[in-house]
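Reader: I should be grateful for a close look at one part of this model, its nonpolar interior. Please set that part in its surroundings and explain each term as it arises.

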Amino acid sequence: MKNTLLTDKRNKLFGIGKKFAAVSGALLISSTVIFSGVSSFISLADTPKITVPKNGGDEIKYGNSMALVEWTRLDDLPRSNFWGMIQWDAGGWDYHSAYSSIFNKDWEGQSNLVDSYISTGASFLTRTYLGCPYFVYSGTDGDNGNNPKYKIRVGSKKDKEDTGKYIYLDYNDVQIRGSGDAFTIRRHARTQKVDNKPVTYYTYDIFYNRSGWTDTRFELSDARIQGNTDGRHYDYFRIYAAAQKNFSAIADYTVQSGQTQKISSDCFLLDGKTLKVADNAVLNIQGNFLYNGKIECEGTIIVHPGATMIPFSPTLAAGNITLKNGGTLIIMPTGRVLAGLTSQTLGSTANGTVVIENGNIINYGLFAANRIEIGSMGVFENHSGARTFFGYGLNSGVGKFYSNFNSETGAGTLGLQDRNAYFKITPGATFKAFDGSGFTYKGKTGSGLNYYSYDSNGKESVSTL
């Protein structure tokens, strides 16, 4: 059954927006339907092309700002002071240095799970400095390749507080003192494969150089750092540097009818606020859009290649998106959208939901919603190369969501979980599965979803979900 009213509305939108988004090629591609396990739909062909302007419209007038902390994994250490984090893994879990907690003469690490946004990747953002230590540059070590030395001032749970206390190694015992050791930190090149290509990264060993005597070094004891004077092997750590990063922020705002505007840099939609995109309006997302408020769209939102829409450490409901009156969300290849957070995930305190009332989501990239409702006149199109998850969200490990993906990438690879999954169908809703796309769902309620699939020759198959 063709949803003619919705199709007419979408054609109207694209007619108005031709100078913003040109759609070419037949949007008829296909998939194989597999009703088993968690219900995955995988398909296999080429993607038709959608081209959008690289720079379209005026920048949104933000008017607010939000200060966050950006952590960057160091490939070389600065010859200066910096707020930093020491990371390591033990027993399949990741830990980091924070606070001044000493247990049985070891420095206790904090689980990376204490903050969902801590990552083991190249960079990540947090709300605070997490009570991590301050590295005080103390010259170089002439006995060990002129590697830099630092005193390590322990952090405070009050965050970025000058405790005046430093790490000191009394041979095998870790102590906290008013005057600490100047530790040599020496880097080591490592290689791993990413997309079958070798990528170099660096880890570090940390020790106190005792000239003419046995060095004392940091050694791992599961979740703790201990001292050791046995030089037969070294343990290696990742080190991150922190810096404040100011984000533009939006409170209540409307992209008016006839306007084309963009978010081209990192931007924050404040908790409890609403961003509206009016009918015959276009909003281009070209950077990281951290949206904690609500989005109501009757026009068109385009998530450009490489751009991301994701809630960030919300305090209320997050990931609320409502598409109505023909409102359309287009996710371009390598674009990413995380939406519809269930309560108590990533800090949210109430349920967020994606609601496609009378509107469209056209996905060529990555889309995941823990909670989603598709109304009788709602349409979701999953194109070649796209990956879609209904009923899946993030509870921790946000960095994984930025991993490379294809149409068959598993939920776990992207850090996605089906916690309190919710996927509601109203009879008459439409899902179009194009060849070369992947769709996985959990938590289905209701029935009557018109499921269209197309092979690479445009042959249509219809079923009901």
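Author: A nonpolar core is a set of buried Ala, Val, Leu, Ile, Met, Phe, Trp, Tyr and Cys residues joined through side-chain atoms within 4.5 Å. Buried means under 20% relative accessible area, exposed means over 50%, and partly exposed lies in between, with a 1.4 Å probe and protein chains only. The model is predicted, so that local features need pLDDT of at least 70 and side-chain atom pairs count only at pLDDT 80 or more, whereas totals for chains, interfaces and linings use all residues. Residues are numbered from 1 along each chain as its sequence is written, and side-chain values use heavy atoms, with hydrogens and water left out.

The largest nonpolar core has 46 residues, and F289, F367, F390 and F423 touch the most other members. A contact here means heavy atoms within 4.5 Å. Residues up to four places away in sequence aside, F390 touches F367, A369, I372, I374, F380, F423, F431, F439, T440, Y441 and K442. Another core lies apart from the largest one; it has 26 residues, including A318, L366, L394 and L414. As a general matter, nonpolar side chains in soluble globular proteins tend to be buried together.

Two of the residues that F390 touches, F380 and F431, lead to the strands. Helices (H or I, at least four residues) and strands (E, at least two) are DSSP runs numbered from the N terminus, and two strands pair if DSSP finds at least two bridges between them. F380 falls in β36, residues 379-382, which is joined to β41 by 4 bridges in a parallel run. β41 covers residues 430-434 and runs parallel to β44, residues 450-454, with 5 bridges between them. F431 stands opposite Y451 in β44. A433 serves on both sides: this residue of β41 is the bridge partner of N382 and stands opposite S453 in β44. Of the 5 residues of β41, 4 are buried, so the strand is largely enclosed by the rest of the structure. In a regular strand the side chains alternate between the two faces of the sheet.

These strands belong to an open sheet of 10 strands with mixed pairing, in the order β5-β21-β24-β27-β30-β33-β36-β41-β44-β45. Its edges are β5 (58-59) and β45 (460-464); each has a single partner strand, so one side of each is left without a neighbour in the sheet.

A further open sheet has 8 strands, paired in parallel in the order β20-β23-β26-β29-β32-β35-β40-β43. At its edges stand β20 (253-255) and β43 (444-445), each with a single partner strand, so one side of each lacks a neighbour in the sheet. Within this sheet, β26 (residues 294-297) and β29 (residues 320-323) pair in the parallel sense over 4 bridges, with E296 opposite T322. C297 is buried at a relative accessible area of 0%, and C132 is likewise buried, at 1%. With a disulfide defined as a pair of cysteine sulfur atoms within 2.5 Å, a search of the whole structure finds 0 disulfides.

Burial also reaches residues in loops. N112, in the loop between β9 (106-111) and β10 (123-126), is buried at 8% relative accessible area. A122 lies in the loop between β9 and β10 as well, but is exposed at 51%. L346, in the loop between β31 (336-339) and β32 (354-356), is buried at 4%. Its phi is near 60°, a positive value in a residue other than glycine. Most residues other than glycine have a negative phi.

The chain as a whole gives the setting: it contains 1 helix and 45 strands, and buried residues make up 55% of its 465 residues. Among contacts between residues at least 6 apart in sequence, 59% join residues at least 24 apart.
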